[in-house]
Amino acid sequence: MPATEPLRPPDKAGPIGPDDALLGGLDAAPSVAILRVLRVTFHVGFAALLGVAILRLLVFGGGDPLRYVWAGTALVLAGVYLTGTILEKRFAAGSTGFDPGRYGVLWLGIVTALWAILLAGSADFAWLAFPLFFLHLHLLPRRIALLTIAMMTAAVIAAQWAVSGLTVPHLAVVLGPLFGAAFSVVTGLAYRALYREAENQRRAADELRRTRAELAASQHEAGVLAERGRLAREIHDTLAQGLSSIVLVARAGEKSLADGDAATAAARFALVQQTASENLAEARNFVRGLSSPHLHESSLVESLRRLCESTETSAAARGSGLRCRFELDGDPVGLPQPYRVTLLRAAQASLANVRDHAKASNAVVTVAFLGSEVTLDIYDDGVGFDPAGLAAHRNARTDGSGFGITSLQERVTELQGSLELESAHGEGIVVAIRLPLHDVPERKER
């Protein structure tokens, strides 16, 4: 950055001109509206003062043989001023080999030199000093600007004194330029303060836009991850379990056919067809964003009871002697759909593990309505496992299995509930789920 402080933002420094970059991003800011008014007023004032000076020179300067020279010089000044503002827009900061700050100082020097020449020829150009004061304040360091303003003010006083023809300058000849210079300095400093405020607002607006964009991206990513988690849970607890059951029962049916037991094979393939139909219904409802079709057809209690029956039937089709029993404790109350889906999916996932891995003879599903909470316990008398090594065992799997407990924990946590696993080798497993009902309106269970 140059040592000078230009009127334009840092990326478009140079002599003053339309500040499009600044105003474009802050049209709604009051300070920007004030800056626009000051800028337009400045340009119009400079043009008006120059035009009046040329007109007075040509109309009332009939005795001056050099009046056309001064008029031509004034037109050169107008051209230099206009050229500077045009070049500023063309050569913005960052252009190759171009220093906008140095260019602005050079431009100001030429404009000031032309004004000094005109002032020496005609005192009518003295009033152009006031817009030039404004330029000096914004294109030069403050101390240098105040020094040049003092020198220009002295030059104006001298020119006015020379025109008056008085031996001692009149008080108005001195006070007029002094007051004008003071007003210009105050106005210039106020403009500089407004400029800083506008720049701060622009930076704050840019930062806000970046923050909002980052927040939107973060929320989108979080939404995508949450939806992926939901899809993974739904697929694991419905389609994956159903397809696994179909594969195992179909293998058992093939074995029955190989052994010549057509009746058992037919029963097993009928179970495959039933399971496939149920999973097809799950998939269709899943695509529509609905819950389990079992919950649309019956209550949670009835769905859990039928789940126990189907689990026992599926185990029998595979040649297992698993007995699954359902128990109800308390008077059922209506539960919100997320509660019903979570409890049903928990029972489905737990019984699938019992059927596929536990080598159990008995399983019991107990749902209890205790007023302040609803509980679901799934017990089996199978081989059990060590809960401490569950996480490591699950992470070591590379076939996509071992997701059931994680999925179940996520579902329960979303409802501010708790999940506990109790097991030991050779002592079976108990899955205990607690869901609070403090804020759930009591309704009759369908």
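Buried means under 20% relative accessible area, exposed over 50%, and partly exposed in between, with a 1.4 Å probe and protein chains only. The model is predicted: local features need pLDDT of at least 70, side-chain atom pairs count only at pLDDT 80 or more, and totals for chains, interfaces and linings use all residues. Residues are numbered from 1 along each chain as its sequence is written, and side-chain values use heavy atoms, with hydrogens and water left out.

**Exercise 1. Classify T73 as buried or exposed, and list what it touches.**

Solution. Start with the location. T73 sits in helix α3, residues 67–90. Helices here are DSSP runs of H or I with at least four residues, strands are runs of E with at least two, and both are numbered from the N terminus. Next, apply the cut-off. T73 has 16% relative accessibility, so it counts as buried. Last, find the contacts, meaning heavy atoms within 4.5 Å. Leaving out residues up to four places away in sequence, T73 touches L114, I117 and L118.

**Exercise 2. Work out how the rings of W127, F130 and F133 are arranged.**

Solution. Take the rule before the rings. Rings of Phe, Tyr and Trp (its six-membered ring) pair if their centres lie within 6.5 Å; planes under 30 degrees apart count as stacked, over 60 as edge-to-face and the rest as tilted. By this rule there are four aromatic pairs. W127 and F130 have ring centres 5.6 Å apart and planes at 25 degrees, so this pair is stacked. F130 and F133 make an edge-to-face pair, with 5.8 Å centre to centre and 80 degrees between the planes. Now check the spacing. F130 and F133 are three residues apart in helix α5 (residues 129–139), so about one helical turn separates them. Then check the cover. F130 and F133 are both buried. W127 is at 39% relative accessibility, so it counts as partly exposed. Elsewhere, ring pairs link F46, Y81 and W107 into a cluster.

**Exercise 3. Reconstruct the sheet around β3.**

Solution. Strands pair if DSSP finds at least two bridges between them. Five strands form an open, mixed sheet in the order β1-β3-β4-β6-β5. The edges are β1 (323–329) and β5 (418–423), each pairing on one side only. From one strand to the next, the twist averages 10 degrees.

Now place β3. Seven bridges join β1 to β3 (residues 362–369), and the two run parallel. Across this pairing, L328 stands opposite V367, and E327 has T366 as its bridge partner. β3 also pairs with β4 over seven bridges, in the antiparallel sense. There, V364 stands opposite Y379. Three residues lie between the strands of this hairpin, where G371 takes a positive phi near 85 degrees. Seven of the eight residues of β3 are buried.

**Exercise 4. Find which strands helices α10 and α11 lie across.**

Solution. Fix the angle convention first. Axes are lines fitted to C-alpha atoms, for helices over the stretch in contact, and angles run from 0 to 180 degrees between N-to-C directions. Helix α10 (residues 300–317) lies across β1, β3 and β4 (373–380), at about 165 degrees to β1. Helix α11 (residues 337–358) lies across β1, β3, β4 and β6 (429–436), at about 10 degrees to β4.
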